[in-house]
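Hi everyone, thanks for coming. I have one structure to walk you through today, so let me put it up on the screen.

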Amino acid sequence: MSTSDLSITDDKWRAIVENDKSYDGVFLYAVKTTGIFCRPSCKSRPPKRENIRIFKTAEQALAQHFRPCKRCKPTGQRLPDHEWIALVTEYVNSNYMKDLTLHILAEISHGSPYHLHRTFKRIMHLTPMEYIQQTRLEQAKKLLICSDISVAEVGENVGLSNAPYFITLFKKNTGYTPLQYRQLKLKATQNGGTQHGTANK
Ligand SMILES: [Zn+2]
């Protein structure tokens, strides 16, 4: 606990839930799961109470590596697009195993789906959904090489729990089925004995 942290009282919680403008300037709240901080009056969806951290100033929140909300601009300045998109990619990098959609990303990053899609594509040269897919496939490759869990389990671990879909997607992107990919990589590191997980559903 740092000394700049204030506790979340019932009063502050009420101000956040009710978007109470009279508390703007009194405190700011950051959300651990999204890495964003807001003014009490922000119209974004209220987070879970246990994920909230309270700060007195924007400087304190920034010092703890939280980013200002794009919607309520708690620093008084517009969040640069590349920082906004960095926030989204960081969220995907640590939440790729969860259910992710453009709408979910827009909600956690406090922007509109349309604007997020366009800005993301301009900066990353791929769409948010393509980025999610790419992240999942990269993680799947790692798991196929570094673990011996089944192909279906690999899919589940990277947010692609529909095994046939996972296998099709993987093949489309790499040219190999997950099992072929694992065998190929195993052969490359050890000559002889193939050892692999079973591709059960
Ligand atoms: Zn906000």
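**From one residue pair outwards**

Let's begin with a single pair: Ala30 sits opposite Arg53, a residue of strand S3. Please keep in mind as we go that this is a predicted model.

What are the two strands here, and how do they pair? S1 covers residues 28-31, and S1 and S3 run antiparallel to each other, joined over four bridges.

Now let's widen the view to the sheet. There are four strands in an open sheet, and the order across it is S3-S1-S2-S4. The pairing is mixed. Which strands are at the edges? Those are S3, residues 52-55, and S4, residues 67-68, each of which pairs on one side only.

Stepping back again, the protein chain is split into domain 1, residues 10-68, and domain 2, residues 130-189. If you take the C-alpha centres of domain 1 and domain 2, they are 39 Å apart.

Next, a word on annotation. UniProt, in an unreviewed entry, lists residues 86-184 as "domain: HTH araC/xylS-type". What is that span made of? Residues 86-184 are 75% helix and 0% strand, and the C-alpha atoms at the two ends lie 34 Å apart.

That brings me to a helix pair. Two packed helices are described by the angle between their axes and the distance between those axes. For helix H3, residues 81-95, and helix H6, residues 128-146, the angle is about 35° and the axes are 10 Å apart. H3 and H6 cross in the right-handed sense.

And which residues make the contact? H3 contributes Val88, Thr89, Val92 and Asn93, while H6 contributes Pro128, Tyr131, Ile132 and Thr135. By type, the contact of H3 with H6 has five nonpolar residues, three polar ones and no charged ones.

That's my tour, so over to you for questions!

Note on methods. Residues are numbered from 1 along each chain as its sequence is written. This is a predicted model: local features need pLDDT of at least 70, side-chain atom pairs count only at pLDDT 80 or more; totals for chains, interfaces and linings use all residues. Domain bounds come from an automatic or database domain assignment. Two strands pair if DSSP finds at least two bridges between them. UniProt positions are given in the numbering used here, feature names are shortened, and annotations may be inferred rather than shown by experiment. Axes are lines fitted to C-alpha atoms, for helices over the stretch in contact, and angles run from 0 to 180 degrees between N-to-C directions. A crossing is left-handed if the near helix is turned anticlockwise from the far one by less than a right angle, and right-handed if clockwise. Two residues are in contact if their C-beta atoms, placed from the backbone, lie within 7 Å. Ala, Val, Leu, Ile, Met, Phe, Trp, Tyr, Cys and Pro count as nonpolar, Asp, Glu, Lys and Arg as charged, and the others, Gly among them, as polar.
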